[in-house]
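Here is a short briefing on one protein model. Please look at the structure first, then read the points by topic.

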Amino acid sequence: MVGHAERKILVFDNLIATNELVDLTGRRVLLTGAASGIGEAMAFRFADAGAECVLLDLNEPLLNKVAHKLMAAGASVSAHKVDLSDRQQIVDLWTGLEHRLPDILINNAGIYMLKDYLEMDKDFFDLTMAVNLESVLWMCQEFIKRRLEAGGTIVNISTIEAILPFKKDLVAYGTSKAAVIGLTRALARDYGPHDFRVNAILPGAIKTPGTREIMKTAIRKMQLDLIKTGYDFQSRLALGRWGNPDEIARVALFLSTEMASYVQGAVIPVDGGFLSS
Ligand code: NAD
């Protein structure tokens, strides 16, 4: 067996070394929803790969906490409080970024609100669509129009619920996230020729503050249908466990680097085998 210390890095003619393929030194990534859960894990993963991180969230105290932790570890970070449901705030953000545009855009921020379809009103639907879909649409537009000559990489975060609705009361969420898949594929088609790679990830059940809160509430309020859905969900997981935020972050990193140079318009489940069980 070859020990770690003895391992040789083999670099063949015309082959980029593996560690160089995932190295993002000198690259700038803009990450939304970076204060918590999957977005926070992505911030750490991308910073570790050498990227300069532009972090964005509505929750300023939590966002600053993440930014300070990264800076203390030597990463190059800036943090911006932005409400993504407000298009003007998105436009202002990009105006402020014009001096140094990101090379990579990760649209991760999202809200997961439950409501019986028959009780849903326009405000509820509009907020879900504004955060989960429209912000992605406008963020991509600002990114692409400013980098039309340079190209770039976009990763959008959808969900397995968009293609296999498993839980009740997620009509608005599922609709918004299914549209994110449509948007991703349309942009991949239209802007591939301009050197943009655009892909989507469909996370399965990932342990984050958001999902923990839903489970805690279900148990506290004895919401038996929710508890049963959780049990049914768990029993479909081929890997038998929920995922960790970093397991989504690693796939986002893969899609954002030259490792994925020929991946375009892909919709990738990262779900412990849920969709295939
Ligand atoms: P989370 O709730 O832990 O984090 C989401 C972040 O988005 C929060 O920091 C929140 O402040 C931010 N945010 C919400 N509304 C915002 C707004 N208007 N403007 C700016 N920021 C805003 O969520 P998470 O579980 O880490 O999920 C991240 C993404 O992954 C979401 O898009 C979610 O739909 C998707 N997803 C998560 C799971 C899961 O199991 N956790 C599964 C499938 C898909």
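Leaving aside neighbours within four places in sequence, N199 is in contact with I154, V155, N156, T184, L255, V263, Q264, G265 and A266. This is a predicted model. N199 sits in strand β6, and the points below start there.

**Around N199 and T184**

- N199 counts as buried, because its relative accessibility is 0%.
- Strand β6, the home of N199, covers residues 196-203.
- One contact of N199 reaches far along the chain: A266 is among its partners. N199 and A266 are 67 residues apart in sequence, yet their C-alpha atoms are separated by 5.0 Å.
- The partners of N199 also include I154, V155 and N156. Strand β5 spans residues 152-157.
- Which helix holds T184? T184 belongs to helix α6, residues 171-191.
- T184 is buried too, at 0% relative accessibility.
- Beyond four places in sequence, T184 touches N156, V198, N199 and A200.
- N156 thus appears in both lists: N199 touches N156, and T184 touches N156.

**Other positions in helix α6**

- L183 is also in helix α6. L183 is buried, with a relative accessible area of 12%.
- Which residues does L183 contact, leaving aside neighbours within four places in sequence? They are L133, V136 and L137.
- L183 and V198 lie 15 residues apart in sequence. Their C-alpha atoms are 9.5 Å apart in space.
- V171 lies in helix α6 as well. The helix runs over residues 171-191, so V171 is at its start.
- V171 is partly exposed, at 37% relative accessibility, whereas L183 is buried.
- The C-alpha atoms of V171 and L114 are separated by 8.3 Å. Along the chain, V171 and L114 are 57 residues apart.

**Positive phi in two loops**

- Most residues other than glycine have a negative phi.
- D169 has a positive phi of about 70°, although D169 is not a glycine.
- D169 is in the loop between β5 and α6. It counts as partly exposed, because its relative accessibility is 23%.
- D195 also has a positive phi, near 70°, and is a residue other than glycine.
- Where is D195 found? D195 is in the loop between α6 and β6.
- Is D195 buried or exposed? D195 is exposed, with a relative accessible area of 59%.
- Helix α6 thus has one of these loops before it, with D169, and one after it, with D195.

**Cysteines**

- How many disulfides does the structure hold? The count is 0.
- The cysteine sulfur closest to that of C53 is in C140, at 18 Å, which is too far for a bond.
- The same holds from the other side: for the sulfur of C140, the closest cysteine sulfur is in C53, 18 Å away and too far for a bond.
- A disulfide would need the two sulfur atoms within 2.5 Å.
- C53 is buried, with a relative accessible area of 0%.
- C140 is buried, with a relative accessible area of 1%.

**Overall fold and size**

- The protein has 9 helices and 7 strands.
- Why does the radius of gyration agree with a compact globule? For 277 residues such a globule would have a radius near 19 Å, and the protein has 19 Å.
- The C-alpha trace spans about 60 × 55 × 40 Å along its principal axes.
- Contacts with a separation of 6 or more are counted here: 75% of them join residues 24 or more positions apart.

**Surface and charge**

- Buried residues make up 45% of the 277 residues.
- The protein exposes about 14500 Å². Carbon and sulfur atoms supply 55% of that area.
- How many side chains of each charge are there? There are 30 positive and 33 negative side chains.
- The centres of the positive and negative sets lie 4 Å apart.

Notes. Residues are numbered from 1 along each chain as its sequence is written. This is a predicted model: local features need pLDDT of at least 70, side-chain atom pairs count only at pLDDT 80 or more; totals for chains, interfaces and linings use all residues. Side-chain values use heavy atoms; hydrogens and water are left out. Helices (H or I, at least four residues) and strands (E, at least two) are DSSP runs, numbered from the N terminus. The radius of gyration is taken over C-alpha atoms; the globule rule is 2.2 Å times the number of residues to the power 0.38. Buried means under 20% relative accessible area, exposed over 50%, partly exposed in between (1.4 Å probe, protein chains only). Contact means heavy atoms within 4.5 Å. Accessible areas come from the Shrake-Rupley method with a 1.4 Å probe; for residues, only the protein chains shown count as cover. Lys and Arg count as positive and Asp and Glu as negative; His and the chain ends are not counted. The place of a charge is taken as NZ of Lys, CZ of Arg, CG of Asp or CD of Glu.
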